[in-house]
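The following exchange examines how certain descriptive terms are justified for a single structure.

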Amino acid sequence: MNIAPTVRFLDRATPPHIATLILLAGVSALNMSIFLPSLNLMALDFGTDYATIQFAVSGYLAATAVLQIVIGPLSDRFGRRSVVLGALVIFVLASIGAFLAPTIIIFLIFRILQAAVATGLVLSRAIVRDMVPQEQAASMIGYVTMGMALVPMFGPMIGGVLDEAFGWRATLAFLALAGTGVLTLCYFDLGETLKAGGLGFREQVKGYPVLLTSPRFWGYSLAAAFGSGAFFAYLGGAPFVANGLFGLSPMWTGFALGAPAAGYAFGNFLSGRFTVRLGVNRMALMGSIVTLVGLGLSLLLALAGFGTPWVFFGFCTVFGVGNGMLLPGTMAGSMSVRPQLAGTASGLSGALMIGGGAALSQLAGIVLEGQSSPIPLQILMFSCGVCSTLAVIYVIFRGRQVAPA
């Protein structure tokens with residue numbers, strides 16, 4: 001029987017409250033999206049071009065990918081709590097540094113240091129996996145990421161409003177304040193969940209072959225990587241589509257960029273509500289199909305001449321629903337291959353997601369260069385959806401092969 005551990009809010013002797021995990025993951029996601037509506041204005045302010053300022057997105061994602069490879073093993077060795085608190089301190093200081101940065105180079109240096117907050121994305125999942133078994137973990141991750149989606153859904157909207165009212169640097173002040181609040185909450189509520197004091201690095205390395213040679217680990221990880229890859233391609237190209245092609249203001253660009261997150265939150269709700277009943281694989285397959293339907297219809301309508309903001313951003317909400325159903329189960333599955341290495345598995349799987357996302361984010365900018373419609377971006381996103389669906393089907397097929405044994 002799956003029994004949830006005892007949790008008392010603001011008691012470090014017990015595992016953290018789900019609200020703490022939601023905010024920990026939420027501030028990590030918020031940092032990716034809050035100033036997307038301001039990229040054009042930031043380029044003008046620093047006297048640089050859009051490709052350079054976009055490195056604040058793609059470079060940040062690349063740093064996040066590298067960091068996730070390191071964070072997982074560190075947390076498996078030293079525990080979740082100390083790593084989370086240290087990363088949040090770095091994030092707050094880096095946000096202040098970026099706020100004060102006088103040049104684009106200094107800004108980008110502090111922007112890369114802000115990637116420390118990605119620890120929250122990795123370890124919020126690993127903490128859940130520490131607490132409960134796989135099926136229940138997928139359900140709980142669904143609720144955590146549903147709340148996580150609600151936070152960054154408003155990020156571009158907040159960033160757009162702050163930009164118009166006070167200038168783009170106000171978004172960095174907001175991030176510093178948000179990071180300080182989450183740091184305080186984690187200090188008082190985040191109890192250690194890693195059992196038996198953690199694994200030494202030598203023991204972790206011995207376990208790597210089991211993890212890295214597992215077809216199930218790679219199947220789940222690639223399904224998550226391509227599923228989220230559509231979203232990261234969207235992050236890289238949608239600001240240009242909204243502002244450059246559709247002529248939306250920073251405020252309305254912010255609202256438009258929140259479209260997938262609204263669907264993602266609903267998809268996470270469905271995952272949290274039904275994964276224990278339906279199973280991880282079935283929920284992931286349903287999510288990948290919903291993603292394909294949303295992206296496919298959007299592309300077909302654009303090819304038919306109905307390339308309007310309502311079509312593009314409206315169907316992005318549908319693909320967000322699919323991702324919200326897909327990702328919790330694939331994340332939980334990748335961490336369940338070897339539960340003792342849940343942090344390492346979460347980090348490696350997350351590195352694939354974010355590293356691929358960094359490449360796709362930059363690729364989105366390249367394919368849109370000189371274009372007068374969002375169709376190249378829609379093709380790229382749909383291709384990611386196809387690959388994700390194939391990876392889920394492979395995991396299901398592989399599971400049926402090994403089940404009799």
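Q: How do the residues of the lining of the second largest cavity divide into nonpolar, polar and charged?
A: In this predicted model, the lining divides into 4 nonpolar residues, 2 polar and no charged. The residues concerned are L295, S298, F312, C316, Q378 and M381. Leu, Phe, Cys and Met count as nonpolar, whereas Ser and Gln belong with the others and therefore count as polar.

Q: Which elements each supply at least two residues of the lining of the second largest cavity?
A: They are α15 (280–303), α16 and α18 (375–402). The volume of this cavity is about 40 Å³, and the count of cavities of 30 Å³ or more comes to 3.

Q: What makes G314 polar in the lining of the largest pocket?
A: Gly is placed among the polar residues by definition, so G314 counts as polar. The lining as a whole divides into 8 nonpolar residues, 1 polar and no charged.

Q: What is the volume of the largest pocket, and which element gives the most to its lining?
A: The volume is about 240 Å³. Helix α16 gives the most to the lining, with 4 residues.

Q: Why is V144 called buried?
A: The relative accessible area of V144 is 3%. Buried means under 20%, so V144 meets the criterion.

Q: Where is V144 found, and which residues does V144 touch?
A: V144 is found in helix α8 (residues 134–153). Not counting residues up to four places away in sequence, V144 touches I18, L21, I22, A25 and V128.

Methods: Residues numbered from 1 in each chain as written. Predicted model: local features only at pLDDT ≥ 70, side-chain atom pairs only at ≥ 80, totals over all residues. Heavy atoms only, no water. Buried < 20%, exposed > 50% of the residue type's maximum accessible area, 1.4 Å probe, protein only. Contact = heavy atoms within 4.5 Å. 1 Å grid on protein atoms, 1.4 Å probe; cavity = no way out; pocket = protein on both sides within 12 Å on 5 of 7 lines; lining within 4 Å. Points joined across faces, edges and corners; volume = space filled by probe spheres on them.
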